[in-house]
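Biologist: Please take one part of this model and walk me through it closely. Tell me what it pairs with and what it helps to cover.

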Amino acid sequence: MAYTDLFNEAIDDLKATLQTVSGLPVVDNPQNAAGFVNGFVLIQAPSFEAFNFNIAKLTFELLIILPAQGNLSTLRRGLEIAAALLAKKIAVLSGRPATADIGGVESPAYALTLSLQAQTA
């Protein structure tokens with residue numbers, strides 16, 4: 001089923017934009033992350049503030065999930081992806097080191113907070 005409301009369209013647009021930037025697979029469901037041993041970007045569920053029936057501000061947390069070794073190369077790859085997102089002028093508000101639990105496996109990650117506006121015509 002295709003979702004066409006302003007929230008789901010915003011998620012789809014964000015996912016499409018991220019796929020052109022990160023160089024990693026982008027998933028919006030952790031169950032679809034199996035097999036990405038070199039890392040991936042996970043779009044978490046957004047929070048939102050509605051201005052009216054057709055304009056909302058969405059705040060997302062993205063997790064840049066990195067390979068499990070957690071060494072300096074892993075850190076640098078996470079920062080490289082974060083810098084690529086900033087360069088693409090995606091509204092990244094903040095970032096911090098994190099740990100992600102995906103299917104019972106802990107991996108190093110970077111958590112990025114970003115904001116965007118969703119609007120219908």
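Modeller: Start with a hairpin: strand 3 and strand 4 form it, with two residues between them. Strands (E, at least two residues) and helices (H or I, at least four) are DSSP runs, numbered from the N terminus. This is a predicted model, so local features need pLDDT of at least 70 and side-chain atom pairs count only at pLDDT 80 or more, while totals for chains, interfaces and linings use all residues. Residues are numbered from 1 along each chain as its sequence is written, and side-chain values use heavy atoms, leaving out hydrogens and water.

Strand 3 covers residues 47-52, runs antiparallel to strand 4 and is joined to it by five bridges. Strands count as paired if DSSP finds at least two bridges between them. In this hairpin, Glu-49 has Lys-57 as its bridge partner.

Now look at the loop. Asn-54 sits there, between strand 3 and strand 4. Asn-54 is buried, with a relative accessible area of 12%. Buried means under 20%, exposed over 50% and partly exposed in between, using a 1.4 Å probe and protein chains only. Setting aside neighbours within four places in sequence, Asn-54 is in contact with Leu-6, Ala-118, Gln-119, Thr-120 and Ala-121. Contact means heavy atoms within 4.5 Å.

Strand 4 (residues 55-65) has further partners. Strand 2 (residues 40-43) pairs with strand 4 in the antiparallel sense, over four bridges. There, Leu-42 is matched with Leu-63. Strand 6 (residues 105-119) is also antiparallel to strand 4, and eleven bridges join the two. In that pairing, Leu-62 stands opposite Leu-112.

Strand 4 also helps to cover helix 2. The cover over the buried residues of helix 2 includes helix 1 (6-19), strand 4, strand 5 (92-102) and strand 6. Which residues are those? They are Thr-74, Gly-78, Ile-81, Ala-82 and Leu-85. They lie on the same side of helix 2, because they cover an arc of only 95° around the axis. That arc is taken from the directions from the helix axis to the C-beta atoms. An α-helix has 3.6 residues a turn, so residues three or four places apart point the same way. On the other side of helix 2, the exposed residues are Leu-72, Ser-73, Arg-76, Leu-86 and Ala-87. Just after helix 2, Lys-89 takes a positive phi of about 65°.
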